[in-house]
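Here is a short tour of a model, meant to be read with the structure open beside it. Take a moment to turn it around before reading on.

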Amino acid sequence: MKRGSRDYVLWSIGIVVVLAFALIPVIWLISISLKPPNEITDQRFIPASVSFDNYKSLFEGGIDDSPFLKPLINSIAIALITTVVAITLASFTAYAIARLEFPGKRLILAGALAIAMFPPISTVGPLFDMWRALGIYDTYLGLIIPYLTFALPLAIYVLVAFFREIPWDLEQAAQVDGATPWQAFRKVILPLAAPGVFTAAILVFIFCWNDFVFAISLTSSDASRTVPAALAFFTGESTFTAPTGSIAAAAVVVTIPIIVFVLIFQRRIVSGLTAGAVKG
Amino acid sequence: MEASTANTPTHASSRTRSERKLAWMLCAPAVIAMLAVTAYPIGYAFVLSVQKLDLRFPEQTGFVGLDNYGTVLGSELWWTDLFNTFLIMVISVAVELVLGMVIALVMHRAIFGRGTVRTVVLIPYGIITVVAAFAWQFAFASDSGFVNNLIGSEMDWFGGHVSSLVVIILAEIWKTTPFMALLLLAGLVTIDEGLYEAAKVDGASAWQRFWKITLPLMKPAILVAVLFRTLEAFRVFDSIFIMTRGAQNTESVSILGFNQLINRLNLGVGSAISVLAFLIVVGIAFLFVKGLGARLDEGRPGG
């Protein structure tokens with residue numbers, strides 16, 4: 001395609017439109033979070049003046065009084081614990097599915113897929129009742145368990161797709177060359193498997209980070225409420241001020257790290273998201 | 001006696017047997033975990049749905065058969081909410097498919113900044129749905145939003161049924177189109193470039209090449225992407241909860257279930273809604289697999 005040709009211009013416009021489509025809401029959030037409280041309602045896309053008051057109000061009062069700090073810690077802890085547990089369990093399963101022959105393999109894959117498609121609203125009621133009876137309502141465990149349900153199928157699918165690509169023969173080759181089984185695993189297989197495991201971990205983390213239905217149904221206080229649920233309960237400084245500014249600031253704080261993450265690991269996330277979507 | 005039976009070993013060798021045992025041991029923890037947290041609660045939802053169980057009146061409990069289902073199916077609210085859910089689902093998935101295809105083609109043919117486009121497109125995927133819903137709500141809010149300022153209107157977007165749904169659908173589309181585009185792109189890159197060259201030689205226009213080559217060859221990828229997004233869109237909850245809390249008749253099935261289960265603590269009627277939602281999802285999946293021939297074993301779970 002030549003520069004200046006009609007096609008070139010059309011595709012360029014296409015690229016610009018796609019970029020604008022993806023970025024405008026994010027820029028808008030940043031812009032509203034930087035507006036001083038008295039300019040929040042000025043309806044301008046770009047703030048007339050910049051202030052960090054909204055960010056300061058998020059962290060005021062430390063861990064006990066800040067409406068944001070405890071939920072942020074909860075979100076990070078719950079997402080991390082779920083990710084570690086899900087990836088560990090899913091690695092065993094994915095290894096078996098990718099490398100061993102056994103009846104029931106297809107059934108496990110089909111079952112995992114079916115579970116991933118369940119509407120969360122179908123399990124929220126029973127879990128609410130069970131968790132209250134078991135005393136794990138409004139605890140970390142009460143959220144980690146349902147997150148595992150959806151994290152495991154996701155992790156199994158991504159890991160199976162990656163593990164199938166690993167040249168496992170290298171493990172034997174290394175042992176023939178005099179490596180112990182442990183050395184063969186650590187020096188040969190682990191480096192080959194690590195990128196896939198890491199990709200699955202990113203996707204599982206983003207999934208847990210994003211959940212809202214379980215988070216507002218199975219929590220009732222800052223003891224375990226995560227950021228998405230806490231945002232829905234944000235209140236303004238007084239009953240007469242809308243919490244728009246502080247919500248926008250909190251939204252930016254939880255979004256920027258994920259965006260940076262996505263930017264750095266873009267290639268891996270794309271391959272993980274589309275893993276298994278196309279045979280090959 | 002068929003000839004093939006002669007090839008089947010009468011009993012597995014000890015090596016295959018130990019391999020099986022190892023495989024089952026490796027799979028057991030994940031399989032048990034998945035069954036315990038889905039199959040059991042779904043079964044329990046069935047049990048709850050045939051009982052009178054309102055936590056505000058704990059003394060009045062008991063088996064009521066299908067009464068709760070009668071209550072749900074006989075209420076106008078259920079049918080309004082089901083209609084809303086299907087409306088949001090059909091419009092957002094249809095728009096996402098077209099937009100996703102355009103974005104996939106742009107990414108595939110990007111003449112410059114291919115990496116940039118791919119990365120930027122991923123941003124909505126990484127953003128929390130609740131956060132995206134707030135961004136769009138603030139943008140359309142009549143007091144603080146830039147949209148009214150931009151188009152020079154005084155519209156109260158969240159004051160009407162249709163305009164509220166428009167913003168909700170817009171937020172859904174924004175958040176999930178990247179996922180659709182990436183799945184479609186994965187299908188697009190598998191198409192042999194030689195086919196396009198051959199068609200060009202034969203004088204096919206770009207439009208013809210798209211309709212006669214790209215679309216038919218991408219059918220499996222499209223079906224899987226559309227199935228996943230349809231089932232995900234059926235669950236729509238976060239955007240509605242943040243933007244309207246169901247006001248202006250914008251409730252979805254998930255919002256209705258949440259209101260009954262968690263707000264009103266009516267576990268009996270709420271569970272009947274849960275079970276109905278579950279059955280509808282099974283029905284949609286069945287329709288795609290049997291009716292349209294979607295190949296699920298080529299699919300992947302949503303993220």
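Let us start in a loop of chain B: Asn249(B) sits between helix H10 (238-243) and helix H11 (253-263) of that chain. Keep in mind as you look that this is a predicted model. Asn249(B) is not a glycine, yet its phi is positive, at about 55 degrees. That is worth a glance, since most residues other than glycine have a negative phi.

Chain A offers a residue of this kind too. Gln43(A), also not a glycine, has a positive phi of about 60 degrees. Its place is the loop that runs between helix H1 (6-34) and helix H2 (53-59) of chain A.

Are these two residues buried, exposed or partly exposed? Gln43(A) is partly exposed because 16 other C-beta atoms lie within 10 Å, where 20 or more would make a residue buried and 12 or fewer exposed. Asn249(B) also counts as partly exposed, with 16 C-beta neighbours inside 10 Å.

| Residue | Phi | Loop between |
|---|---|---|
| Gln43(A) | about 60 degrees | helix H1 (6-34) and helix H2 (53-59) of chain A |
| Asn249(B) | about 55 degrees | helix H10 (238-243) and helix H11 (253-263) of chain B |

Now for the domains. Chain A is assigned domain 1 (1-51) and domain 2 (61-273). The C-alpha centres of these two domains of chain A are 31 Å apart. Seven residues of domain 1 of chain A are in contact with six residues of domain 2 of chain A. On the domain 1 side, the touching residues comprise five nonpolar, one polar and one charged.

Next, the interior. The largest nonpolar core has 169 residues, and those that touch the most other members are Ala90(A), Ala151(A), Leu152(A), Ala155(A), Val204(A) and Leu184(B). Helix H7 (residues 140-163) of chain A supplies the largest share of this core, 18 residues. Domain 1 (1-51) and domain 2 (61-273) of chain A each give at least three residues to the core.

Which residues does Leu152(A) meet, apart from its neighbours within four places in sequence? In chain A, Leu152(A) is in contact with Ala86(A), Leu89(A), Ala90(A) and Ala112(A). In chain B, its contacts are Ala30(B), Ala33(B) and Met34(B).

That brings us to where the chains meet. The contact takes 87 residues from chain A and 87 residues from chain B. On the chain B side, helix H1 (residues 14-49) makes the largest contribution, 19 residues. By class, this side of chain B has 59 nonpolar, 19 polar and nine charged residues.

Definitions and conventions: Residues numbered from 1 in each chain as written. Chains lettered and ligands numbered in written order. Predicted model: local features only at pLDDT ≥ 70, side-chain atom pairs only at ≥ 80, totals over all residues. Domains from an automatic or database assignment. Contact = placed C-beta atoms within 7 Å. Nonpolar A, V, L, I, M, F, W, Y, C, P; charged D, E, K, R; others polar. Core = buried A, V, L, I, M, F, W, Y, C linked by C-beta atoms within 7 Å. Helix = DSSP H or I, 4+ residues; strand = E, 2+ residues; numbered from the N terminus.
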